[in-house]
Amino acid sequence: MATSRPPAGQGISQPPHSAGRRFKGLRSVLDPSQIPSPASHVWSDQRRWHDRPYNTTRDVEIEIPLAGTDCIYEDQGNSTPRFLRMSTYAMPCTYDLAETCNIPLGFVLQPFADQPQEEQPVPLATFNDQPPPRCDHCGGYINPWVAWAASGQSWVCNLCETSNPVAADYFSPIDFNGRRMDHHTRPELNFGTVDFAAPSKYNAPQPLPRLLPSFIPPPDSTSRRKSLSSPPELRDPTPLRTLFVIDVSSTSVHRGLLPVFCESIRVALYGGSPNEIGTGLFNAELNPAMKVGFMTFNESLQFFELSPDQTQPGMLVVADVDEVFVPTRDRMFVDPQECREAIETLLDAIPRMFAHVVSPSSALCAGLQGSLASLSRTGGQVLTFTASPPNFGPGILTPRTEGELYGTPQEHKLWEPQEVVWKDLAEECAESGVGVNLWVFPDRWADIGSIGSICNTTGGDLHFHPKFQPNRDIHILQSEIARTLRRTTAYNCSVRTRCSNGLHVSSYISLLHQPTADTLTVGTISADLAIAAKLEHVGSGINDDQRKNVYIQAAVLYTTVEGERRVRVCNVGVRPSTMAGNVFRWADQDTGVCLLTKEAVVTMSRKILPELREDLTQRFVDLLVGYRKNCAASTAPSQLILPESYKLLPVFGGAILKTQALKGGPVSSDTRAISRHRILSSGVASLMAYLYPRTVAVHDLRSSIAFPDPRTGRLSLPAPMPNSYLWMEPDGAYLMDNGFVTYLWLGGSVSPQILLDLFGTDDLAAIGPGISRLPVLETQLSIQVRNLITHEETRRGGRVAPFLIARQNMDGTELEFGNMLVEDENNDMMSYVDFLCHLHRQISDKLTAAQQTWW
């Protein structure tokens, strides 16, 4: 859908501080009304699915909803796009066809994604302590797409087409349609996404001790596995253990962060703080099965013993951080409700205990080694809070000379750990089923490339707060901790994907630990973590029989918070295709763009940024040339033709090149590293919002907008607007959210009534940049804007993003806001229109050269 040109007289000039690049040479004449608009595309899709569900089998002949569309999915045998989203739903039958089309071939898996209450939860299939039925040849799990034979006594695997016998206790007769008589009672035969209860043989193995382990194991923990040829020792699953690791160095104390850490943890566990009011932090209760423990670090490690029978906790100190061990295990992890008094006493006491610490020593690496030692026999998750990089003990980090590395073959070192101990520790945590979540509050450099590697490898979150002000931002920290504790979290995870004959996963696009070519070992997989994978043809390709689908089955073996071992299986069947037109027709642009983005940031470890940006631009050109050659070959090379499924690639491609991870210009390595982590860990919906933020005109909201729709009960959303100053007015107010930060831009001529409705004052100068939340006013506009902000927070599971005011030509935050207007000329990159012309020129040159070569 094309957007109309802006009304006459609308639009403002870009601020003079914007830094972009102009198109070189004569630009093609383009009609603005014919340039595809992401905002119009999103709005059209939202209206299409606002009051109707998407059925995964009945609606296969319809394009799937956009990733960011509020939609209810009905699982009728195919996993919903919420859990597994393909880059195309018409799989090219051969390698040659896939190469000719040049579209990214793969999928994005988010196995524990949040579901709205209207959707049916993922069902659980049980088999009386027996393993779920699996194919004897490929190991695939039984699913709705298998075929039954021999009167129900055997089933044919839809992945490898092998016939398998049916166990006696699983047998059921089949009807005249070849369907089992008990089909309607078997969730594994009805739903594309299902959980299988796993017996003890599926328990997580205890990893073998390393030659140089990160900690000293206790005497009773020697593995019973005597050799590599003997079977591994299997762990009994236990409820999830969560360990809080707190920096108590003088840096943390003097900056006022230590009491903030403790108070935020207390609020996340129990609530009761004024900062939680109105933020939606506690929409879900803390899982009662979870156990928690506490540990602190400075130049030594302090472990705390807790008990419901004692209100005063005990503290055990490990002074030698070069040889870390756990001095206690019996009373380290406790029920947070049973021990509430002891835990609150401890959190109140920690700031007083370390109030007079004078040493700035921070043994962060040793603290993480101690947390691994505490969880090495069970697995679990770690929540670590640090105010400074490690400067004591193992893994000491020193400032990098960034200016000397950028643009050189050594540039990749900026995204990798300085010391090998960080890489080894991350791999040990992943193998032990431990996920590390890290909160970093630097006052200068932090070396996210080093300390953040443990989050990238283990599946944990990385939260970066370089400008944290306790009084202003404490509610953000509380919401992040609350989200981490309350979301769906699986631990001790293994991920493996199986495909139909002729297709396989060539690689996973991630930095997660991959011990074998086809398996990921992940400490924790949360509702917010997504995993991307590339598909590739093998041999002669897949069967081109149009009556048979091509199948992908992703399986995650994991332990629940309650301590139950399960396998989550996501099944998708797509049509095979021998025609490039169908491959493009059924391509999903959102998934394709995400695969391109994730692959680009992974490549940062192998290529310098200018070369990477050039290669990525060429990738966009090759994709569009593939469409022209195969689907529009009769048109003149000078004519601009875009595939319907990838018509927005030029604007999203420019947005990729404008991300903080990849853009040109001076950007700190910490900023690039945190952006890289966000891109790799995000699902399709959150990544698309990060690339192209949702922007709405606050001053133009209709009275019915941002209130529940009487028909559906869901919030009625306003139409988004293009991300460009061209569409903005100097007397307007605009709300922008990219999932990680929310901006409210106020024009220099904004109406005093708007200010009065939102802030209770009509003086623009009185609205300082220190405002962290909109005041709660009973005006209609205030309620509407707060509802929109709360809606975005709800989509993130209650996590609050920083709220920043950007007043036109007054605040420094306007530069950051302007950089998120990705259709404009900024971020050392061309505008959308100029980049479209740039791609058009390269496409035309390639097509012309190909014609001349043919003649």
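## Around Ile103 and the nonpolar cores

Let's start at Ile103, in what is a predicted model. Leaving aside residues up to four places away in sequence, Ile103 touches Thr88, Ala98, Val583, Phe584, Ala587, Arg619, Leu623 and Tyr646. A second, separate core of 44 residues takes in Ala90, Met91, Leu503 and Ile525, among others.

Ile103 itself belongs to the largest nonpolar core, which has 64 residues. Together with Met604, Phe620, Leu649 and Leu662, Ile103 is one of the residues that touch the most other members. Eight helices are worth tracing here: H2 (95–101), H12 (580–585), H13 (589–602), H14 (609–631), H15 (649–657), H16, H17 (684–691) and H21 (832–854) each supply at least two residues of this core. Helix H14 gives the most, with nine residues. As background, nonpolar side chains tend to be buried together in soluble globular proteins.

## How confident is the prediction?

Across the protein the pLDDT averages 91, and 93% of the residues score at least 70. Over residues 274–280, however, the pLDDT is below 50. This stretch has 16 contacts in the model beyond near neighbours in sequence. Where pLDDT is low, the predicted coordinates should not be read in detail.

## Enclosed space: the cavities

How many cavities of 30 Å³ or more does the model hold? The count comes to four. The largest cavity has a volume of about 130 Å³. Its lining consists of Arg694, Val696, Leu717, Pro718, Leu735, Met736, Asp737, Thr742, Leu788, Ile789, His791 and Glu792. Strand E24 (694–697), strand E25 (733–737) and helix H19 (780–795) are the elements that give two or more residues to this lining. The largest share, four residues, comes from H19. By class, the lining of the largest cavity has seven nonpolar, two polar and three charged residues.

The second largest cavity holds about 100 Å³ of space. Around it you will find Cys455, Asn456, Gly459, Gly460, Ser510, Leu511, Leu512, Leu529, Ala530, His677, Leu680 and Ser681. Two or more residues of this lining come from each of helix H10 (453–458) and helix H16 (669–681). Helix H16 gives the most, with three residues. H16 is also among the helices that supply at least two residues of the largest nonpolar core. The lining of the second largest cavity divides into six nonpolar, six polar and no charged residues.

## An open pocket

Now for the second largest pocket, with a volume of about 760 Å³. Of its 37 lining residues, Ile62, Glu63, Ile64, Trp586 and Ala587 lie nearest the centre. Ala587 will be familiar as one of the residues that Ile103 touches. Helix H1 (38–49), strand E23 (565–577), H12 and H13 are the elements that give two or more residues to the lining of this pocket. Helices H12 and H13 also appear among the contributors to the largest nonpolar core. By class, the pocket lining has 16 nonpolar, twelve polar and nine charged residues.

## Three residues to visit

Is Met332 buried or exposed? Met332 has a relative accessible area of 1%, so it counts as buried, the cut-off being under 20%. Met332 lies in the loop between strand E14 (310–318) and helix H5 (340–353). Not counting residues up to four places away in sequence, Met332 touches Leu243, Val292, Gly293, Phe294, Phe303, Phe304, Val326 and Ser374. One of these contacts, Phe303, is 29 residues from Met332 in sequence, with 7.7 Å between their C-alpha atoms.

Two serines make good companions to Met332. Ser506 sits in strand E19 (residues 503–509) and is partly exposed, with a relative accessible area of 29%. Beyond residues up to four places away in sequence, Ser506 touches Lys534, Leu535 and Glu536. Ser506 and Gly106 are 400 residues apart in sequence, while 9.3 Å separates them in space, C-alpha to C-alpha.

Ser163 is found in strand E9 (residues 163–165). At 47% relative accessibility, Ser163 counts as partly exposed. Its contacts, again not counting residues up to four places away in sequence, are Ser154, Trp155 and Val156. Ser163 and Leu649 are 486 residues apart along the chain, and their C-alpha atoms are separated by 44 Å. Leu649 is one of the residues that touch the most other members of the largest nonpolar core.

Conventions: Residues numbered from 1 in each chain as written. Predicted model: local features only at pLDDT ≥ 70, side-chain atom pairs only at ≥ 80, totals over all residues. Heavy atoms only, no water. pLDDT = per-residue confidence, 0-100. Contact = heavy atoms within 4.5 Å. 1 Å grid on protein atoms, 1.4 Å probe; cavity = no way out; pocket = protein on both sides within 12 Å on 5 of 7 lines; lining within 4 Å. Points joined across faces, edges and corners; volume = space filled by probe spheres on them. Nonpolar A, V, L, I, M, F, W, Y, C, P; charged D, E, K, R; others polar. Core = buried A, V, L, I, M, F, W, Y, C linked by side-chain atoms within 4.5 Å. Buried < 20%, exposed > 50% of the residue type's maximum accessible area, 1.4 Å probe, protein only.
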